[in-house]
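Me: Could you walk me through this model, one question at a time? I would like to begin with how the copies fit together.
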Number of protein chains: 2
Amino acid sequence: MTQSEWDLHFIKLAIARATKGVKNEEGGPFGAVIVKDNKIVGEGNNLVTSTNDPTAHAEVVAIRNACKNVNSFQLDGCTIYTSCEPCPMCLGAIYWARPSRIVYACTKQDAAKIDFDDQFIYDEIELPIPQRKIPTVQVGREEGLSVFRLWAEKEDKTEY
Amino acid sequence: MTQSEWDLHFIKLAIARATKGVKNEEGGPFGAVIVKDNKIVGEGNNLVTSTNDPTAHAEVVAIRNACKNVNSFQLDGCTIYTSCEPCPMCLGAIYWARPSRIVYACTKQDAAKIDFDDQFIYDEIELPIPQRKIPTVQVGREEGLSVFRLWAEKEDKTEY
């Protein structure tokens, strides 16, 4: 199969996870699969409402599942297939997991039309802290820096 | 105690979680506590390397813990205290969890100085998809939209 054919194959599996999740009342209509060398290494669908976990978006669930399966906190050489363009939380999670490619089906505009409005969060992230909707204040920086020094001076740490 | 005194009290507890995490080799030097009515309802520290979970930042761990404890996917009326300004993933998670306030100690510039460079992700999120470092393509939108329709037409769904 060509890469395009593989992409369509795996995105359909991500979408199938989304469908299953909706039918089983597990959460919102989103699914993801993570693939390495054309084999699935992780998968997930939105579990927010069924597990009371606002971070349990499809991509986050799939990343956690894949990392467990490959026994690493990095997803080198992997492609993440997601039924919808990632929200800022999931995009951040993807950057931290460092897969090689992202393939998505629906856009964030499509998601907004069914009342999943990620754009609000995209807009907030770009604002300076004093202009954001959630009041945010800085306290205790000096105390906080002491832990950063502890880390900087630690010799046997595992970096990521 | 005044709000400022409470804030200093709880931010010190978040920083103490960070210190504990470094000393126990659980992950990076970051901690968070979540407080409602001046009582802790959730806490966490970075567990990325010890659990092979790139999403296990302090704020995400604390949000998952707090949501479990309050039995809800929303953190109404809560303040999240974090030892460092949240990365985009954590800021996204915070917006989805909808606490009332954020209190942080160190800045993202402080974090960059010890090689935790969130700015890269902040910069990427603002770029149009074709300009981002991780190659990203769209495939199967029509198939994806069918799940969105399924969701839109579902009558007994739990929205979030």
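Me: Through what do the copies meet?
Reply: Happy to help; this is a predicted model, where local features need pLDDT of at least 70, side-chain atom pairs count only at pLDDT 80 or more, and totals for chains, interfaces and linings use all residues. Residues are numbered from 1 along each chain as its sequence is written, while chains are lettered from A and ligands numbered from 1 in the order in which they are written. Of the interface residues of chain B, 100% are also interface residues in chain A, so the copies meet through the same surface.

Me: Which kind of axis relates chain B to chain A?
Reply: The copies are superposed by least squares on the C-alpha atoms of residues with pLDDT of at least 70 in both. Chain B lands on chain A with an RMSD of 0.0 Å after a rotation of 180° and 0.0 Å of shift along the axis. That is the relation of a two-fold axis.

Me: Which residue of chain B comes closest to the rotation axis?
Reply: Going by C-alpha, the distance to the axis is 2.0 Å. The residue in question is Met89(B).

Me: Which residues touch the most other members of the largest nonpolar core?
Reply: A nonpolar core is a set of buried Ala, Val, Leu, Ile, Met, Phe, Trp, Tyr and Cys residues joined through C-beta atoms within 7 Å, with buried meaning 20 or more other C-beta atoms within 10 Å of a residue's own, all placed from the backbone. The largest such core has 96 residues. The ones touching the most other members are Ile34(A) and Ile34(B).

Note on methods: Two residues are in contact if their C-beta atoms, placed from the backbone, lie within 7 Å. A residue is buried if 20 or more other C-beta atoms lie within 10 Å of its own, exposed if 12 or fewer, and partly exposed in between; C-beta atoms are placed from the backbone.
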